Amino acid sequence: MLETDLLPVKQRPSVADTEATRAVEQDEEIRNMTEEQLIEGINRLRKERNAVILAHNYQLPVIQDLADFVGDSLELSRQAAQTDADVIVFCGVHFMAETAAILCPDKKVLIPDPEAGCSLAATVTAEQVRRWKERHPDAIVVAYINTTAEVKAEADYCCTSANAVKVIQSLPPDREILFLPDMFLGAYVQRMTGRRMYLWPGECHVHAGIRPEDIQGLFDRYPDADLLLHPECGCISQCMYALAEGELPADRTFVYSTSGMVRHVRTSPAPTHLVATEVGILHRMRKEAPHKRFVPVKEDAICEYMKTITLPKVYRSLRDMVYEVTVPPEIADRARRAIERMLEIV
Ligand code: 13P
Ligand code: SF4
């Protein structure tokens with residue numbers, strides 16, 4: 001059930017010209033450094049600062065290659081929660097770094113560019129969630145991890161693409177559920193669990209752009225392939241329908257989080273994988289399974305927010321200890337409850 005009258009949603013953030021981009025362009029030292037020197041500098045500084053570098057699966061190849069850990073949203077929160085480093089340099093988007101800051105209040109969490117936003121997280125504000133809850137006072141609120149700390153503070157549970165189905169299955173069957181902000185993930189979870197939920201009408205511009213027509217005819221062109229779909233994709237409902245109707249092969253069509261996809265390509269016997277998500281993940285897949293072929297379902301599925309984290313910015317982040325991500329304790333305490341409930345379930 002979509003409640004569209006709660007719109008308007010917020011504008012998509014722009015990363016065309018961020019403060020961090022200008023800072024590295026104007027920095028005398030950084031401007032004169034080669035890629036090799038930047039990597040050397042990062043390696044020296046991360047030891048000096050006892051820092052760990054966490055990177056999301058969509059990060060630029062050079063960032064993935066130097067990270068201590070590369071993963072999906074769930075794995076990155078777990079890594080952040082467990083690390084004994086003093087500093088976490090989070091190479092991902094802002095809500096991910098915020099989640100790390102919420103889970104590790106005694107660590108310094110840095111993001112190389114704080115304007116690395118998320119079009120999906122920007123579709124809902126805490127005030128909108130409060131208004132939605134007023135309409136459904138007894139409902140359980142489940143917030144996808146792609147939300148701001150203020151929104152998580154309004155939620156009862158958090159979830160990621162890796163565990164959304166399990167989180168919903170764990171909830172008492174007689175309670176209403178408000179699920180936000182991704183309507184495609186919400187529709188997928190409804191189908192998998194049979195639970196009716198109220199869905200926030202938000203979407204990620206990258207995944208919403210992967211449409212049913214992008215899937216059509218793929219298995220005719222790649223008869224030896226497995227199809228891997230992220231549940232945020234705009235084609236997910238039609239794909240689930242096509243699966244039920246036998247129009248897509250059930251033994252070769254899979255819905256996963258980004259790291260679920262990586263695990264699949266490691267073990268699947270299929271020589272070709274059709275990948276319906278942001279194309280940054282192909283670098284990780286090619287490293288993990290070098291003899292297999294990976295075909296993006298949509299070549300221009302590129303998240304500009306993820307790509308705004310660059311090598312010069314990571315170097316500057318460690319050199320100048322910028323930009324620190326902090327969450328006010330009263331917001332962090334409420335948001336942490338929702339995140340920890342999720343981590344207890346899966
Ligand atoms: P994952 O948790 O599957 O990595 O997804 C995060 C995300 O931002 C998808 O666009
Ligand atoms: Fe947000 Fe979409 Fe980018 Fe993921 S791909 S970080 S959901 S804008």
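What percentage of the 346 residues in the chain is made up of buried residues? In this predicted model, buried residues account for 47% of the 346.

**The whole chain**

Begin with the entire chain in a cartoon view. Its secondary structure comes to 18 helices and twelve strands. Along the principal axes, the C-alpha trace spans about 60 × 50 × 35 Å. A compact globule of 346 residues would have a radius of gyration near 20 Å, and the chain agrees with this because its own value is 20 Å. Of the contacts with a separation of 6 or more, 68% are between residues 24 or more positions apart.

**The three domains**

Next, colour the chain by domain: domain 1 (19-117 + 305-339), domain 2 (120-204) and domain 3 (210-296). Display domain 1 and domain 2 together; their C-alpha centres lie 27 Å apart. Where they meet, 15 residues of domain 1 are in contact with 18 residues of domain 2. On the domain 1 side, α5, α6 and α18 each supply at least two of the residues that touch domain 2. The largest share, six residues, comes from α18. By class, this side of domain 1 has nine nonpolar, three polar and three charged residues.

**Helix α18**

Now select residues 329-345, which form helix α18. Does the distance between its ends agree or disagree with the expected span? At 1.5 Å a residue, its 17 residues should span 24 Å, and the end C-alpha atoms are 24 Å apart, so the two agree.

Show the side chains of Ala 332, Ala 335, Arg 336, Ala 338, Ile 339 and Met 342, which are buried. When viewing them, recall that an α-helix has 3.6 residues a turn, so residues three or four places apart point the same way. To see what the buried residues of α18 pack against, add the helices α5 (73-82), α6 (94-103), α8 (149-153) and α9 (164-169). The strands β5 (140-144) and β6 (157-159) belong to the same set of packing partners.

**Ligand 2**

Finally, centre the view on ligand 2. Which residues surround ligand 2? Select Val 93, Cys 118, Ser 119, Leu 120, Asn 146 and Cys 204, then add Val 206, His 207, Glu 278, Cys 303, Tyr 305 and Met 306 to complete the shell. By class, the shell divides into eight nonpolar residues, three polar and one charged. Domain 1 and domain 2, the pair examined above, each contribute at least three residues to the shell.

How values were computed: Residues are numbered from 1 along each chain as its sequence is written. Chains are lettered from A and ligands numbered from 1 in the order in which they are written. This is a predicted model: local features need pLDDT of at least 70, side-chain atom pairs count only at pLDDT 80 or more; totals for chains, interfaces and linings use all residues. Helices (H or I, at least four residues) and strands (E, at least two) are DSSP runs, numbered from the N terminus. The expected span of a helix is 1.5 Å times one less than its number of residues. A residue is buried if 20 or more other C-beta atoms lie within 10 Å of its own, exposed if 12 or fewer, and partly exposed in between; C-beta atoms are placed from the backbone. Two residues are in contact if their C-beta atoms, placed from the backbone, lie within 7 Å. A residue is near a molecule or strand if its C-beta atom, placed from the backbone, lies within 6 Å of it. Ala, Val, Leu, Ile, Met, Phe, Trp, Tyr, Cys and Pro count as nonpolar, Asp, Glu, Lys and Arg as charged, and the others, Gly among them, as polar. Domain bounds come from an automatic or database domain assignment. The radius of gyration is taken over C-alpha atoms; the globule rule is 2.2 Å times the number of residues to the power 0.38.
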